[in-house]
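Here's a quick tour of one helix and the chain contact it takes part in. Have the viewer open as you read.

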4 protein chains.
Amino acid sequence: MSTLISGGRIITAADDYVGDIFIDDEHIALIGESLDVSADREIDAGGKYVLPGGVDVHTHMDTFFGGTTTADNHYEGTVSGAFGGTTTIVDFAAQYPGESFVEGLGNWHTKLETNKPVIDVGFHLIVTDLKNGGSLEDLAKLPDEGVTSYKLFMAYKGTDFHVDDETLFKTMQVAAENGSRVMVHAENGDVIDVLVKEALAQGNGAPKYHSLTRPPETEGEATNRAIQLAHIAGCPLYVVHVSCEDAIEPIELAREKGWDVVGETCTQYLMVDFSKIDQPGFEGAKYVYTPPPRDARHVEACWNAIRTDKLSVVSTDHAPFNFKGQKDMGGTDDFSKIPNGPPGIEERLKILHEFGVRAGRFDLNRLVQLFSTTPAKLFGLYPRKGTIAVGSDADLVIFDPEKKHTISVATHHSTCDYNLFEGTEVTGVPETVLVRGQLIVDNGELVAQPGAGKFVKRARVGEQLAPSVAV
Amino acid sequence: MSTLISGGRIITAADDYVGDIFIDDEHIALIGESLDVSADREIDAGGKYVLPGGVDVHTHMDTFFGGTTTADNHYEGTVSGAFGGTTTIVDFAAQYPGESFVEGLGNWHTKLETNKPVIDVGFHLIVTDLKNGGSLEDLAKLPDEGVTSYKLFMAYKGTDFHVDDETLFKTMQVAAENGSRVMVHAENGDVIDVLVKEALAQGNGAPKYHSLTRPPETEGEATNRAIQLAHIAGCPLYVVHVSCEDAIEPIELAREKGWDVVGETCTQYLMVDFSKIDQPGFEGAKYVYTPPPRDARHVEACWNAIRTDKLSVVSTDHAPFNFKGQKDMGGTDDFSKIPNGPPGIEERLKILHEFGVRAGRFDLNRLVQLFSTTPAKLFGLYPRKGTIAVGSDADLVIFDPEKKHTISVATHHSTCDYNLFEGTEVTGVPETVLVRGQLIVDNGELVAQPGAGKFVKRARVGEQLAPSVAV
Amino acid sequence: MSTLISGGRIITAADDYVGDIFIDDEHIALIGESLDVSADREIDAGGKYVLPGGVDVHTHMDTFFGGTTTADNHYEGTVSGAFGGTTTIVDFAAQYPGESFVEGLGNWHTKLETNKPVIDVGFHLIVTDLKNGGSLEDLAKLPDEGVTSYKLFMAYKGTDFHVDDETLFKTMQVAAENGSRVMVHAENGDVIDVLVKEALAQGNGAPKYHSLTRPPETEGEATNRAIQLAHIAGCPLYVVHVSCEDAIEPIELAREKGWDVVGETCTQYLMVDFSKIDQPGFEGAKYVYTPPPRDARHVEACWNAIRTDKLSVVSTDHAPFNFKGQKDMGGTDDFSKIPNGPPGIEERLKILHEFGVRAGRFDLNRLVQLFSTTPAKLFGLYPRKGTIAVGSDADLVIFDPEKKHTISVATHHSTCDYNLFEGTEVTGVPETVLVRGQLIVDNGELVAQPGAGKFVKRARVGEQLAPSVAV
Amino acid sequence: MSTLISGGRIITAADDYVGDIFIDDEHIALIGESLDVSADREIDAGGKYVLPGGVDVHTHMDTFFGGTTTADNHYEGTVSGAFGGTTTIVDFAAQYPGESFVEGLGNWHTKLETNKPVIDVGFHLIVTDLKNGGSLEDLAKLPDEGVTSYKLFMAYKGTDFHVDDETLFKTMQVAAENGSRVMVHAENGDVIDVLVKEALAQGNGAPKYHSLTRPPETEGEATNRAIQLAHIAGCPLYVVHVSCEDAIEPIELAREKGWDVVGETCTQYLMVDFSKIDQPGFEGAKYVYTPPPRDARHVEACWNAIRTDKLSVVSTDHAPFNFKGQKDMGGTDDFSKIPNGPPGIEERLKILHEFGVRAGRFDLNRLVQLFSTTPAKLFGLYPRKGTIAVGSDADLVIFDPEKKHTISVATHHSTCDYNLFEGTEVTGVPETVLVRGQLIVDNGELVAQPGAGKFVKRARVGEQLAPSVAV
C-alpha cells in the first residue's frame, strides 16, 4: 500500500517548506519538490500543513484510580487522540503494591490486546513498591521490554501510588544505570494531606478546595526535591504536568546549570485558571485534576515557559472521568472524593495552534517541537516517531489552518461526558491523520481498523529508535 | 555594684564611636563622651573595642545524641563561650519521643540548675513527636515559658530526632499562630540513609564518607522544602548551619520575594573544607559534624553570603565530642558511628574578626550584626541583649584588636580534647567579658561565679524583650 | 548652652530603646537611662521618637537651570528641610563650562554666606567641563576642600550639564585615586534628544510627553553604563534618583557581585506615578522632573528596592520651580521648556514613616538608615552626622508618631507655590528639630537664627568624619 | 545537471536520519530512503554526515580598515570558506562617511563582479554617516536591494566607522519600520580611547595591551546600551562577536523578557584566551582582533552560552591581515597600529564539531543550528539556505566524521600567512561541498569555477526567502 501526499506545507521541528511525501507501506520513502509517482492513495495537501503526528507521553487509559476507572479505554482514548492529531501515546502502565513489574506491565499489554488502539502505544511504568512486589533487579531489566521510563508519585499520600523519597531515590539510581528516564508527579503529599483534612474538618468541601489545599508551593517544593535527588543519583529527570511558577523556577535553575531535567506542562494549564474550579455548585468538579487549576498568573507563566524552553513538552494527562457517575461518585460536598483527572487528549494541537502560533507566542516549528519531536526524542521514539523524514514511520497529520471549529463535548470523540474547553473557538484543525501509512482519520471521518495501533518498544535515553526496524 | 568602662571604641550593629559606659548593677545606665563619675570598678578600654556580648543561638550542651553526651555541660560550655566573647546562648532543649514538651523543657532547666552556667541561657525546644508525647495544644503554650522557637530535624532518619513533613508542617502552623520561629536542620534523611548504607556495604567507612554520603544537594533540597512549607504555613523560618551554595540559593530566592526566611552559618563552614575530613587514618573524625565539611567553593560561598545578608547569623553548633573516647566509640572504620558535632563556641568572634574584618570582607558593624544583634533580634532577646544601649543588659566584651593569639586545644576552655581550628593565628582577642555587669572574664582570667548566668525568657517574634524588667 | 531630652524612644540605624540625651553645646555628651542632670533647656520626649537628623544628599538650592533659578535659596530651602526633620544637606555646587572648579565652588560658598542656611550644608561638585575650565589636577584637589563627591549628568544633551563618556570616565579615574565618590544622573541624552524632537515635531507638547520621551530603558541603559565605567575605573559609584525597574536591575546585579555601587531613590518615585503627569491641561507640569513619573509598577519596584537594599538612600532632589511664573515660562504647549525639578525637601521623613513604616514595608531602623545614617556614611559625614551617639553632633528630631497631618502647600515651608503630595494624610510628624544643639524648630515653630547652619567639610570615602573636631 | 548523494547520515537543525538526496540543477528535488534514480553525478556518502552548507554572516572580504585591506578578496575568502563547509557568506558592505548608501553598496557589488566568489554572497550594510552621505530615506529603501540588515560600530572612536548613539538609534527606528535587523559591534569607544592613550603614554605598546585596554566591561556596557536602544526603537537586534560574560549577561536578560535580541560569538572566542596575545615579542599580534582575547573563564562562558541559546550563532569575523606586512605595518611597539581582525572562515565547522559535539557539549542538531540554520533564518536566507529540504538550494557538505586533520597555515586555503588555531588536531572534516548543486570542493580538491557563487537578495525579518525563485 502506498500513499502520496502532495503540495502540503511540511513543518518539522526546524523546517518549513512545500513538498510531496511518498509513503511506501509504513514508512516515508520519498520527499520531493514535485513527485512524479503514482500511489495507491493520493491526498492533496495544497494549502494545508503537513505535521509529524503528535506524541502524547502522558495518558491514563483504562486506569483504576480514585475508586473508579478512567472513562476511555485504549480504543476510545486513541480514537479521540487520533482526531486531535496524536499518533503515538506513551501510556502509564502501573505496578500496584505487591505486584511484580512484569505483572503490572502484563496487565497493560492485556488491555492493549483487548481494546485495540488505533494509534501506536508505548508504556511507562508506574513504580509504587520496591519492598513487597518489585525488586531493584527486575526494575533494572525493564528497558529490555522497551519500557525505558519510570513514573513515581510524590503526591497522593495514603494511596497506592504514593512513594517516599527512599523509593524515589533508589529508582533513580537504577535509571541512572540502565538508561531510563525518571518521571515524577511532584507535589508534597504530607502537606496536602494535612490541608485536605483541615479543610474537610472545617466543612470546606466544595470543588475549589481541591485547588486551595494544593498550594503552588507544594508543587514547587516537590519539583525541586526530585531535581536534587535526580542530580545526586545521576539520572535524567522529567517533571510531568508542571502548572505554576513555583515549579518552573527550580526547573529553570537546574537547566541553567546544565542538569538533565525536562519539564512538561499540559493543555489545561495553558487554558484553565482558578475561576473555573471556583464556580457555584458542583460545576467546578469538572476541573478537579492534579495539580489543580491555578491563578491566572501561573497560566501565563506556563505559556512563557514553553516559549523559552524552560518547559519543553506539552502533553495532556488525559484521564477522563464522567461528570455524571464518576466525578460525583462521592457526593457533591467532599472534593477529596472526586476522582482526579481531566479529559483532553483531542484538543492539544488545536489549542497550541490557536493560542500559541496564531496568538504570536511562538512559531510552527516550536509547536512541532512541543507536540511531537521533543517528547519523541526524550522517550526513545525518535527518529521513528516525531518527525517527517525519510525512513520514519508515516505518522502524519494534514492540518487545515483556516478551518474554524468550536471545541465541545458535542463534537469530541472521547467517551467523556464533558469537555474541559467547552465552547472554545479555534481556527485550524487536523483533517486527516495517518499512522504508519494507515489512514486513521480521513477528512474528519474515522476510518481506522481497531488495532491499527501497535505497541512500541522504546529505545534507551540517548539512543535512537532505529527507523528501519519494522514495529 | 557599678562599673565604668572608659575610652573604648564602641561598636554596635550600626555605630562606631569612642565613649565611656557606666554600668549600674546589671544595666547600662549611662554612655558619655567622657563620664565624670566614680564607680566600684573601673576598666580602661582605651585602644580597645567595646562590643555587645555575643549571642550564640546554636549550642548543644550536655546533650545525649549519637549514643553519648556532648562533652561540655552548661558550666563548661558557657565558660568556653565567655572566653570567646559570648554572653548569651540559646541552647537546644529536647523533647525526646514519648515525652511531653513540659518534661523535655524541665529536663533542661534541671541541667541548668545543676551545672550553673556563667553566661545567660535561653532554650529552643527540639520537637520530635506530636503523636505520643507532645500535643499541638501544649506546643502552642511554650511561648508562655519564654520558649519562642521550635527546632526540627529533617535529617537523621532512624533516630529519635528525625521528623517527617507532617510533623514539621503542623509545628509550623502552630508557630504561625503563636509568634514562634521554626528552626530546621535541613538535610534529606531518606537519601542520606540510602547513601550511608551503600557506602558501608561497599566497605567505605573512613571519616570522609561522612561528607560523601551527605552531598550538598541533600541540604539544598531540604532547605527549599522547609522554606516552601513555612511559606504555606505562614511562619517565620530559620535555617540552621547552612554550609553550601545549594542551600544558600533557595534562601536567597525566598528573601528576594520578601518571605520571612533567615539563614545561619557556623564558624566551621567558614574555615573547614573537605580536605580536613579527608585525612589519612582517623584524624578526619574530628571534622565529623553535620552538615559535613564541603569543597572549598562552598566555604567561599558562605563568606559571600554573610557579606550580602543572604545568611544573617553566624553561630557555632557547639556540640563537642572528645576525639578519644567519644569520636572513636564505634571504632575507626565506620563513620556512621562517629558522634556528629563540632567543638567551637569559643572561636566565633576571633574568626569573624580575623577572616571577616581584617581580611576586608566586611566591617565591624557587620561583625556585630552577625555575632550578636541579629540573633538577639530574631530570637526575642533584643534590646535586652544584642546591643550597647542604655537600659540594655551590661553584656559587654572588651576586645583587644592588636593582640596576637594562636587558637589551640592548649589554650581553649572547652573540655573537648581537640580544637577544630588548631594552630590558626589571629590578631584580636576578647580580653574582658561582662554579663549583666558581672565580670566573667577579666583580662583573660576566669573570675565568674558558677551560676552567674541565668535563664532568659524570650519574647515572641516581632516583640521586644523589655530591657527594664529584671531577669 | 546645654539641653536635656528626656524619656524619648531613641531610634538609630540598629537600635530602639528609651533613654535620656544630654547635649553639651553642639555635641551629644551623655545618654542615660534616666539622667539626673540639669540643663539650660529641657525637652520632654516621652511618647515620642528621637531620631538622628535627616541627611539629604540631593538638593539644588538657588541653582540656575533650564533658564531659571530654583525657587528656594539656601535659607528658604533649609528652613523647609528643617521642618521635615532634615538637619544636613549636601547641595550641588556646579562648575559651569569654562569655569575652574575653584570658581564654581566659590560661587556656592558665596550663596551660603549670603543666604544663611539654618541647617548644615556640604557640597558635591557638578563636573561639566574638563577641557576649558576644569583640569584633572584641580579636580583631584577638591577633597582638600571637604568636597569628596563629583556629580555628572549623562542626560540633558545640548545643555551645559551634559557630559560625554570620556569626561565621565576620566572623572571616575580621579575619584578612584583621591577617595571621592562619583554620582551620576543616568539617562541616555542622545536618545531622549531624538525622542523629544520627534514628539515636538508631531505636535505632542503636553506635559505627559516629558515622561513618554524618557522611557525607562534610557535610565536603565545609562545606569548600567555608569556602573561598568566605574568598575573599570575602580571608583565608588552612587546613582542618583533611581526611578524604575530598568535601573534597579543593573544596580542589583553589580551589588551582588560585590561592586561598590549604591543607588538612591527620591520621595517622589515612591509616591507619584504617570497618572499625575497625565492630567488634562497644564496641571501635569507640576510633575515635570527627571527622571519622570513612571508607571505604577515602577513605584512599587522602588519601595521593594529600598526594603531589600538594592537601593540604599532616599533623598529628595529638591529643585522647586513655581507653577506660576516658572513651570509655565515657556508656555503650556511645549513640555521641553518646562524647567525640570520637584519641590519636596520637607516631606521625606513623613512619607517614609507613613508609607514605609506604618504600611509595614520596613521598620524604624530601616527608616533611619535610608533617611540619615547611610547617606551620612556614604558621603563622609559619619559619625559626626547620621546617628545618635555620644560625641556626634546633636542633630536630632523629636518625632510625634501619633500626630495627624495633611501635607499641603498651605502648611509647607518651601517658597514653592505648590506641593507635590498635596492632600496626602499622614500620621507622624517631626515636632522639634535641633542642629548641633541649636533649637531650629520648636514644637512646630521656627526659632532658628539665619546662619545657624554651617558648611561641613566632608571626609573621603572610607574615612570617618572625626566627631571631636569642631565644625 | 543532476546529482545523487546516497546513503549519508543527513543532519538538520532537528533531524538525524539516513537517506539519499537527489539534486536537480540547483535545488534539492528529492529525498528518499533509497532512491532508484540515475544522475549525472553520484556521490556515495555512506558513513558520512550530510550537512546543510554553512552560513557565515560575519566576514570582511577585501575591506579597507586600519590603514590596509583585508588579505582575502571575495574569491580567496570564499575558497577558504568553501573548504570549511561554508556555502554562503553575508559580507559587510560599507558606506564610508560622505558616501550615499547606494554608492557604498555599489562598491561591494563591483568587488563581487571583479573577484568572482565561489560560494553565495549577501551583503549587510555598515552605516557610518546619516548627516553628509546617507539619508534616512535612502536607508529605508535598502531592503528593496536585498539588503535587510544594518551594521553599526559603537567602538573605534576616531575612525570612520564609529557612530554615536543618535546615529545608532535613528537607524534602529528605520529598521523597526522596514523589516531590517540592526547589528552592533558593541564596545564603548570613549573608554577604550582613553585607556589606549594612557597605555601608550605609559609606554605599554605590546600586543597584550590590545586586550588590556578593552576590558570586558566596555563590551558588556555597549551590548546593554544597544539592547535598550533597540527595545525603545522596537527593532530586532543582533550583537556580533560576543566574547565575554559581561556581554552575555544583558543578552540573556533581554531574551528572558522576550525581547528580540540575538547574540553571536565567533570561533576564536571559543578557542583563544588571553595567554595567546600575552606572548613574548610580537607573536601576540596574530591575536589582535576585536573584541580581544579574554581570560579563560570567558571562553568557557561562550561555550555554555551557545549550548543554552543565550548566544545563537557562531560566525568567524573573518578579516585576515598577514602577520608579515600588515600586522606589523605600524612597527612592533604600538599595539594600536596593528590592524584588527582574525583569519578563520575555514575552521568554524571543524572546531564546532571537535570541541562542541565530540567534547559532549551539544549534539549535531545544535551544531547545524549554530553553523547554518539559525543565521539563515535570522538574515532572510531561509529556507533557500540553512537546511536540507526539498526545494532548498543544494548547498551541502559531505563531512567525514572520522578523518583526522591538523589545522595549519600549511593546509588552509586563505591567503593569510598564519592560522589562528595552528596545530589544533581535530577528527572530522568537510570533504565535499556543493553550492546550488555545483561541486565546489570535491574530496578535498577545489573544482569550482570562479564566479560559481552569486549575490543573494535577502528577505526581510520574519519573511521567508522563497526557495522556488531562482537566484
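## A helix with a kink

Helix α14(D) has a kink of about 50°, and Leu370(D) sits at its centre. Keep in mind that this is a predicted model.

So how does the end-to-end length look? With 15 residues (364-378) at 1.5 Å a residue, α14 of chain D should span 21 Å, and because its end C-alpha atoms are 20 Å apart, the two values agree.

## Its ends and surroundings

At the N-terminal end, α14(D) is capped by Asp363(D), which places a side-chain oxygen 3.2 Å from the backbone nitrogen of Asn365(D). Just past the helix, Gly380(D) adopts a positive phi of about 70°.

As for cover, α14(D) is mostly tucked away: 13 of its 15 residues are buried.

## Where chain D meets chain A

Now for the interface. On chain D, 34 residues are in contact with 34 residues of chain A. Together the two chains bury about 2,200 Å², and 45% of that is on carbon and sulfur atoms.

On the polar side, there are 19 residue pairs in polar contact between chain D and chain A, both residues at pLDDT 80 or more. The salt bridge count between the two chains is 2. One of them joins Lys310(A) to Glu256(D), with the closest N and O atoms 2.5 Å apart.

Which elements of chain D give two or more residues to the side that touches chain A? They are β2 (16-24), β3 (27-32), α8 (245-256), α11 (296-307) and our kinked α14. The largest share, 6 residues, comes from β3(D).

Methods: Residues are numbered from 1 along each chain as its sequence is written. Chains are lettered from A and ligands numbered from 1 in the order in which they are written. Side-chain values use heavy atoms; hydrogens and water are left out. Helices (H or I, at least four residues) and strands (E, at least two) are DSSP runs, numbered from the N terminus. The expected span of a helix is 1.5 Å times one less than its number of residues. The bend at a residue is the angle between axes fitted to the seven residues ending there and the seven starting there. Buried means under 20% relative accessible area, exposed over 50%, partly exposed in between (1.4 Å probe, protein chains only). A polar contact is a pair of N or O atoms within 3.5 Å; within protein, one must be able to donate a hydrogen and the other to accept it, and residues adjacent in sequence count only if both atoms are side-chain atoms. Contact means heavy atoms within 4.5 Å. Buried area is the accessible area (1.4 Å probe) that two parts lose on being put together, summed over both. A salt bridge is a side-chain nitrogen of Lys or Arg within 4 Å of a carboxyl oxygen of Asp or Glu.
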